[in-house]
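Ready for a walk through this model in your viewer? Keep the selection tool at hand, and follow the stops below in order.

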Amino acid sequence: MSTQGVLPETQVQAMCDRIARVYDRMNSVMTAGMHHRWRRRAADLAQVGPGSRALDVATGTGDLAIELAGRGATVVGLDFSERMLELARAKAPGIQFVHGNALELAYPDASFDAVTVGFGARNFSDLDRGLRELARVTRPGGRVVILEITSPQRPPLSWFFRLWFDRVVPALGRVAGDPDAYSYLPSSVRRFPGPRELGAKLAAAGLEDVRWVLTAGGIIAIHAGRRGQGTASP
């Protein structure tokens, strides 16, 4: 690890393969089941419906892709972890789940009406490049939505957040059998851009009308931006 909270892409891929079998269970434990509600809100912000095409990048076990499909969209879920994709395919056989790299999306410009990422942008080895790819494959007028954990700045929630992520989450990881993965999680959250900085990065990637909402007391940020009409590929 070259800097705290950063791992080479191959190590992140291997980590995701290792934790796939406990991923859904750990998400439910760590968020008291609220992660489904956050994904529903992200899907709402994607503004898709029947006739829409959506791409869910870093789809994991497919929960956000399933939310998008529930709104009538035709959805592709993409991830670089085959173990995660196996679980996603078993969970939702009607959705196309494909192996791919978020930094090199194998789709032409303007291929999708919406592109989403749920709890995966932290793992992009080059965030700016990944955001440009998300914008590139979104059609003019389409939406890019990113759902991510963020670090609250004000006590008492900031105190609780540090206790939970620095002590409780790694302990849960030890119980789950992968302490390294769940020690990486709080480090990756700490070094990830805050809401305002991420909003600026989305704008720099070619998105307009970038906004975000904070929920769960400021622990979760959901960003949404619109690909400008006639915007050149970033």
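Start by selecting tyrosine 107 in this predicted model. Leaving aside its neighbours within four places in sequence, tyrosine 107 is in contact with Leu55, Val76, Leu78, Val98, Phe112, Arg136 and Val137. Show those side chains as sticks and stay here for a moment.

Now pick phenylalanine 112 out of that group. How far apart are the ring centres of tyrosine 107 and phenylalanine 112, and at what angle are their planes? The centres are 5.1 Å apart and the planes stand at 80°, so this pair is edge-to-face. The model has 2 aromatic pairs by the rule used here. Is phenylalanine 112 buried or exposed? It counts as buried, because its relative accessibility is 1%, under the 20% cut-off.

Next, widen the selection to the surrounding core. Tyrosine 107 is one of the residues with the most contacts inside the largest nonpolar core, along with Leu55, Val57 and Leu134. That core has 27 residues. To see where they come from, colour β1 (53-57), β2 (74-79), β4 (112-118), α5 (127-136), β5 (138-149) and α8 (195-204), each of which supplies at least two of them. Which element gives the most? That is α5, with 4 residues. Apart from this core lies another, of 26 residues; select Trp38, Ile149, Val189 and Ile222, which are among them.

From the core, go to alanine 204, which is found in helix α8. Its relative accessibility is 67%, so alanine 204 counts as exposed. Add arginine 132 to the selection and draw a distance between the two C-alpha atoms: they are 8.4 Å apart in space, although 72 residues separate them in sequence.

The next stop is a pair of helices. Select helix α1 (residues 9-31) and helix α4 (residues 82-91). Two packed helices are described by the angle between their axes and the distance between the axes. Here the axes come within 7 Å and cross at roughly 35°. On the α1 side, the contact is made by Cys16, Asp17, Ile19, Ala20, Arg21, Tyr23 and Asp24; on the α4 side, by Glu82, Arg83, Met84, Leu87 and Lys91. Colour these residues by type and you will find 6 nonpolar and 6 charged, with no polar ones.

Two backbone oddities come next. Most residues other than glycine have a negative phi, and most peptide bonds are trans. Select alanine 58, in the loop between β1 and α3 (63-69); its phi is near 55°, a positive value in a residue other than glycine. Then jump to aspartate 209, in strand β6 (residues 207-215). Aspartate 209 also is not a glycine, and its phi is positive at about 50°. With a relative accessible area of 37%, aspartate 209 is partly exposed.

Finally, zoom out and colour the chain by pLDDT. The mean is 87, and 81% of the residues reach 70 or more. Residues 1-5 have a pLDDT below 50, and beyond near neighbours in sequence this stretch has 9 contacts in the model. Where pLDDT is low, the predicted coordinates should not be read in detail.

With the whole chain in view, you have 8 helices and 7 strands. Buried residues make up 54% of the 234 residues. Among contacts between residues at least 6 apart in sequence, 67% join residues at least 24 apart.

Methods:
Residues are numbered from 1 along each chain as its sequence is written. Side-chain values use heavy atoms; hydrogens and water are left out. Axes are lines fitted to C-alpha atoms, for helices over the stretch in contact, and angles run from 0 to 180 degrees between N-to-C directions. Helices (H or I, at least four residues) and strands (E, at least two) are DSSP runs, numbered from the N terminus. Contact means heavy atoms within 4.5 Å. Ala, Val, Leu, Ile, Met, Phe, Trp, Tyr, Cys and Pro count as nonpolar, Asp, Glu, Lys and Arg as charged, and the others, Gly among them, as polar. Rings of Phe, Tyr and Trp (its six-membered ring) pair if their centres lie within 6.5 Å; planes under 30 degrees apart count as stacked, over 60 as edge-to-face and the rest as tilted. Buried means under 20% relative accessible area, exposed over 50%, partly exposed in between (1.4 Å probe, protein chains only). A nonpolar core is a set of buried Ala, Val, Leu, Ile, Met, Phe, Trp, Tyr and Cys residues joined through side-chain atoms within 4.5 Å. pLDDT is the predictor's confidence in each residue, from 0 to 100.
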